[in-house]
Amino acid sequence: MSTPATGAATLTPRRSSRFVAWVRAWRAGLVPYDEVADAIAGDEEHLVADAPGTWTDVPLSAALPTLAKLSPDDIRLVLPAPGDPRGLPGPGDFAGAALVTGEAVVAGGLGLIPQVRMHTSGSGDCFETVLWRVYPLPANAPAASLSLPGAAEAEAELAAALAETTAALTRLDVAQWRPELAGALAALRRPDGATDLPPGFDPRARRLFARAAVLDRVLALAGHAAPGGAINNYEAQQRDAALRPLTAACRQALVAACNAPLRP
C-alpha cells in the first residue's frame, strides 16, 4: 500500500542537487546544453534573479550561459545546517542565506540559492515558481572544503547511520506516531536502479544519490508529527535526537554523490 513516506521516493530531490549534477555533466560535455534547464526544472517554472548581465528575472535557460566557462570541478553542491557550515565559502550574504535555506550551489565566483515562491491565480489556483538568486562570492573565497567525505566514505556513514537510527526508532516505538516510516526505512535498504543522475556519474555515486534522495524526503516527513498523533514534547525531542545523525549523514551523502568525479 502506498503511504506518504513510501511515496516520497517519487518526489523531486533537493533542487540544488539536480542543478549541480546536470550543470556539471553539461560542463563535462556529457549532456547537451539544450537539455539542462528542463532536466533541472522538471514540471516547475525556474527563474534566475541577479544573474550577471541581467536587469530582471530571466528563465533558467537564459542564465545558464553565465556558467559556460566553468569546469565541472568549479561547480559543487553545499547543504549546510546550523553548526555544520561545511562547503560554504566563508561568512557573508551568501553563507547566511544558504544556512537559512539549507541548500545552495557554488559555481566559480557565484553562489546560487533556490527560493520557492507561492502564487495564486485569479481563479484561486495555487502554484509555485522557483527563483534562483545569484550572489557574488568574495574574490578570496576558499576552494571546496577538503573536509567533505568522498562517495565511498559517505556511503559507509549513511549505512551505519541508517542502521543506528532504525534501531533507535524501534526502541522509541515509532509506530505510535509514524507507522509508515518503518516500511519506508526498510525499503531504503533495497534502493533501485538510481537513474536520477545524468551521464558521467559512476555506479557508486548513482546508488548513493538514489538512497540519499529518497531518505531526504522521508526525513522531512519524519520531522513532523503525524496529524492527530499523540506525541508530547519529550517524545519529539527523542525523535529529533534519533534522526539527527541520519539527517547529517544524508546531507553529506547527497553532497558526495553530486560532487563526485565525472567519467566520460
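## Predicted model: confidence, sheet and helices

Residues 1-11 keep a pLDDT under 50 throughout, and the model gives this stretch 16 contacts beyond four places in sequence. A second stretch, residues 225-230, also has pLDDT below 50, with seven contacts in the model beyond near neighbours in sequence. The structure is a predicted model. Over the protein chain the mean pLDDT is 81, and 76% of the residues reach 70 or more.

### The sheet

Six strands form an open sheet in the order β2-β1-β6-β5-β4-β3, and their pairing is mixed. Strands β2 (58-59) and β3 (75-78) are the edge strands, each of them pairing on one side only.

Strand β5 takes part in two antiparallel pairings. With β6 (residues 126-136), strand β5 (residues 110-120) is joined by 11 bridges, and one of the bridge pairs places Leu110 opposite Pro136 of β6. With β4, strand β5 pairs in the antiparallel sense over three bridges; here Val105 has Leu112 of β5 as its bridge partner.

Both pairings belong to hairpins, and in each turn a glycine has a positive phi, as the table sets out.

| Hairpin | Residues between the strands | Glycine in the turn | Phi |
|---|---|---|---|
| β4 and β5 | two residues | Gly108 | about 60° |
| β5 and β6 | five residues | Gly124 | about 95° |

### Helix α1 against the sheet and α2

Helix α1 (residues 15-27) lies across five strands of the sheet, namely β1 (45-49), β3, β4 (104-107), β5 and β6. Relative to the edge strand β3, helix α1 runs at about 165°.

Helix α1 also meets helix α2 (residues 33-41): the two axes come within 9 Å and cross at roughly 175°. Because angles over 145 degrees count as roughly antiparallel, α1 is roughly antiparallel to α2. On the α1 side the contact is made by Arg18, Phe19, Trp22, Val23 and Trp26, and on the α2 side by Tyr33, Glu35, Val36, Ala39 and Ile40. Eight of the residues in this contact are nonpolar and two are charged, while no polar residue takes part.

Helix α1 thus has two sets of partners in the model: strands of the sheet, among them β5 and β6, and helix α2, through a contact that includes Trp22 and Trp26 of α1.

Definitions and conventions
Residues are numbered from 1 along each chain as its sequence is written. This is a predicted model: local features need pLDDT of at least 70, side-chain atom pairs count only at pLDDT 80 or more; totals for chains, interfaces and linings use all residues. Side-chain values use heavy atoms; hydrogens and water are left out. Two strands pair if DSSP finds at least two bridges between them. Helices (H or I, at least four residues) and strands (E, at least two) are DSSP runs, numbered from the N terminus. Contact means heavy atoms within 4.5 Å. Axes are lines fitted to C-alpha atoms, for helices over the stretch in contact, and angles run from 0 to 180 degrees between N-to-C directions. pLDDT is the predictor's confidence in each residue, from 0 to 100. Angles under 35 degrees count as roughly parallel, over 145 as roughly antiparallel, 65 to 115 as roughly perpendicular and the rest as oblique. Ala, Val, Leu, Ile, Met, Phe, Trp, Tyr, Cys and Pro count as nonpolar, Asp, Glu, Lys and Arg as charged, and the others, Gly among them, as polar.
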